[in-house]
Every structure is written in structure tokens, then in C-alpha cells.
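Thanks, everyone. Please take a look at the next slide, and then I'll go through it.

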Amino acid sequence: MSAIVSVRLNDQEKDLLTKASVFFNCKISSLMKQLTFERLEDEYDLSVINEYEKDKEAGTVELFDFDDVVKEL
């Protein structure tokens, strides 16, 4: 079952989304869904990168040579 989400937009926001949906050849709802999930994915990726950089700075990152890993398999 699909859920329905209602979003209030002013005229300028609606016009912008309408133009974007025409550009991307999709419905406004599909565009909003796609952009939302892309943003969530980007935010998750950034959090993983930040965690890696923090661990690297702390010296707790262990790297493995690809060939060595393949040999272990």
C-alpha cells in the first residue's frame, strides 16, 4: 500500500518544481521522491566519510592490500 504525503508549496516553489519535472520528464511527486532519497543517500555517504576521516586521524584505520585479501580467499 502506498502512503500519501502532502506538502504545502507557495506559487514560486510550485513553478520551480513544475519546470524541473518537465526538464526531468517526470511527475512532481516522482521528482520530489527521487531528490529526497538522493539527498538522504548523500548525507549518509558524508557521515561514513566523516567517520572514516575521524578514525584515520585517530590512527585506528587498518588498510589491507587487495592482492593479500584475494590470497586469503
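First, a term: a salt bridge here is a side-chain nitrogen of Lys or Arg within 4 Å of a carboxyl oxygen of Asp or Glu. This is a predicted model. How many salt bridges does a search of the whole structure find? One.

The partners are Arg 39 and Glu 43, at 3.0 Å, N to O. Both sit in helix 2, four residues apart, so about one helical turn separates them. Arg 39 is exposed, at 54% relative accessible area. Glu 43 is partly exposed, at 38%.

Next, the pocket. The largest pocket holds about 370 Å³ of space. Its lining includes Ala 3, Ile 4, Val 5, Val 7 and Leu 9. Further along the sequence, Ile 28, Ser 29, Met 32, Lys 33, Thr 36 and Phe 37 also line the pocket. By class, that lining splits into eight nonpolar residues, two polar and one charged.

Now stay with Val 5, Val 7 and Leu 9. These residues line the largest pocket, and they also form a nonpolar patch on the surface. Together they have about 270 Å² of accessible area. Leu 9 lies in the segment before helix 1, which runs 11-23. Buried or exposed, or somewhere in between? Leu 9 counts as partly exposed because its relative accessibility is 36%.

Last, a backbone point. Which residue has a positive phi although it is not a glycine? Asn 25, at about 55°. Asn 25 is in the loop between helix 1 and helix 2, the latter spanning 28-58. Asn 25 is exposed, with a relative accessible area of 70%.

Methods. Residues numbered from 1 in each chain as written. Predicted model: local features only at pLDDT ≥ 70, side-chain atom pairs only at ≥ 80, totals over all residues. Heavy atoms only, no water. 1 Å grid on protein atoms, 1.4 Å probe; cavity = no way out; pocket = protein on both sides within 12 Å on 5 of 7 lines; lining within 4 Å. Points joined across faces, edges and corners; volume = space filled by probe spheres on them. Nonpolar A, V, L, I, M, F, W, Y, C, P; charged D, E, K, R; others polar. Patch = residues over 30% accessible without salt bridge, like charges linked within 9 Å, V, L, I, M, F, W, Y side chains within 5 Å. Areas by Shrake-Rupley, 256 points an atom, 1.4 Å probe, with all protein chains shown as cover. Helix = DSSP H or I, 4+ residues; strand = E, 2+ residues; numbered from the N terminus. Buried < 20%, exposed > 50% of the residue type's maximum accessible area, 1.4 Å probe, protein only.
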